[in-house]
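Q: Could you take me through this structure step by step? I would like plain answers.

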Amino acid sequence: MERVSEKVWADGKFIDFGDANIHILSHVVHYGSSVFEGIRCYLQEDGSSAIFRLKEHTQRLLDSAKIYRMNGRFSREQLMDAMIETVRANKFKACYIRPLIFRSTGGLGVNPLPCKVETWVIVWQWGAYLGKEALEVGVDVQVSSWARMAPNTMPSMAKAACNYMNAQLTKMEALSNGFSEGIALDVDGLVSEGSGENIFVIRDGVIYTPPMSASILGGITRSSVITLAQEEGIPIREERIPREMLYIADEIFLTGTAAEVTPVKSVDKVSVGTGKRGPITQKIQKRYLDVATGKAEDRHGWRTQVY
């Protein structure tokens with residue numbers, strides 16, 4: 001984290017970063033009752049700033065809150081405005097945006113309904129999530145011994161803080177074994193996703209990615225990549241993926257707001273393709289970053305201007 005907010009948007013007003021505290025008896029501290037988003041604001045080619053897919057991220061935040069019955073008092077448009085104003089208040093040209101809806105005080109039982117629902121927005125400067133060289137060189141990953149949550153246990157469609165306890169186990173195991181990231185399998189032993197990224201596997205010129213039913217979070221970057229691949233005329237299929245396909249893939253890449261489009265160079269110490277970023281990954285990565293940073297036409301209205 002290079003530089004954090006000086007101002008934080010807290011339930012409709014700005015407060016100083018040093019005052020952005022919650023009570024120890026807040027429900028979220030004891031039971032993980034929060035939902036959140038990760039959104040990037042990019043410095044544009046012309047020197048301006050724009051937030052990438054703000055509307056879609058904000059809608060997913062509200063969808064997550066609805067799943068967990070966190071009925072906040074702010075509309076999608078109000079939350080979008082709050083994020084734009086928080087970037088401006090901190091005078092960032094490029095940053096990571098973290099809107100957070102959580103349950104604070106009101107009760108210490110498991111029942112969350114008596115607790116107040118609060119909405120905050122924090123921003124900070126953040127570089128390449130998996131390292132400076134990862135976007136070009138790629139990362140080494142392992143298949144995790146930790147599986148993703150089974151259907152009808154925890155809702156994987158919600159970007160909820162509690163889900164990331166599972167992700168933390170995947171991430172810590174990978175790091176302790178000398179890998180950059182872990183890939184979790186679903187309850188059926190098929191490929192699901194990384195600790196904070198969706199996964200795409202390329203074989204014989206076709207891109208494959210697990211479907212929503214594979215206990216994945218429906219990534220905004222994932223949907224962007226699917227659209228861009230279709231525009232490039234690259235066949236792309238949402239299908240269940242067996243673990244062994246990771247070892248014989250021509251290319252693999254991970255996607256996420258933080259990770260952007262990151263190539264995978266090996267899985268379980270088995271080289272992926274030539275062991276470096278492949279041509280399809282490079283094409284998708286370039287298209288994605290060009291659209292996000294204003295180097296390419298915004299055909300879908302994905303950029304929201306800040307300055």
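The conversation below covers a helix, some paired strands, salt bridges, cysteines and a surface patch.

Q: Before we start, what kind of model is this?
A: This is a predicted model, in which local features need pLDDT of at least 70 and side-chain atom pairs count only at pLDDT 80 or more, while totals for chains, interfaces and linings use all residues. Residues are numbered from 1 along each chain as its sequence is written, and side-chain values use heavy atoms, with hydrogens and water left out.

Q: How far apart are the end C-alpha atoms of helix 7?
A: They are 20 Å apart, which agrees with the span expected for the 14 residues of helix 7 (residues 279-292) at 1.5 Å a residue. The expected span is 1.5 Å times one less than the number of residues. Helices (H or I, at least four residues) and strands (E, at least two) are DSSP runs, numbered from the N terminus.

Q: Which residues of helix 7 are buried?
A: Among them are Ile280, Ile284, Tyr288 and Val291. Buried means under 20% relative accessible area, exposed means over 50%, and partly exposed is in between (1.4 Å probe, protein chains only).

Q: And what follows helix 7?
A: Gly294 follows helix 7, and its phi is positive, near 80 degrees.

Q: Which side chain meets Lys286 in a salt bridge?
A: The side chain of Asp290 does, at 2.7 Å from N to O. A salt bridge is a side-chain nitrogen of Lys or Arg within 4 Å of a carboxyl oxygen of Asp or Glu. Both residues lie in helix 7, 4 residues apart, about one turn of the helix.

Q: Why does that spacing matter in a helix?
A: An α-helix has 3.6 residues a turn, so residues three or four places apart point the same way.

Q: Are Lys286 and Asp290 buried or exposed?
A: Lys286 counts as exposed at 53% relative accessibility, whereas Asp290 counts as buried at 15%.

Q: How many salt bridges does the structure hold?
A: The structure holds 19 salt bridges. One of them joins Arg240 to Asp188, with the closest N and O atoms 3.1 Å apart. Arg240 lies in the loop between strand 14 (236-238) and strand 15 (251-256) and Asp188 in the loop between strand 10 (181-185) and strand 11 (191-194), so the pair ties together parts that are 52 residues apart in sequence.

Q: Moving on to strands, how do strand 2 and strand 3 pair?
A: Strand 2 (residues 7-10) pairs with strand 3 in the antiparallel sense, over 4 bridges. Two strands pair if DSSP finds at least two bridges between them. Ala10 has Lys13 of strand 3 as its bridge partner, and in strand 8 its partner is Trp120. The hairpin of strand 2 and strand 3 has 2 residues between the strands, and Asp11 there takes a positive phi near 50 degrees.

Q: What about disulfides, how many are there?
A: The count comes to 0 disulfides, a disulfide being a pair of cysteine sulfur atoms within 2.5 Å. For Cys41, the nearest cysteine sulfur is that of Cys95, 4.7 Å away. Cys41 is buried, with a relative accessible area of 3%.

Q: Why is Cys162 not bonded to Cys115?
A: The sulfur of Cys115 is the closest cysteine sulfur to that of Cys162, but at 15 Å it is too far for a bond.

Q: Last topic: where does Leu25 lie?
A: Leu25 lies in the loop between strand 3 (13-16) and helix 1 (27-31). Leu25 is partly exposed, with a relative accessible area of 39%.
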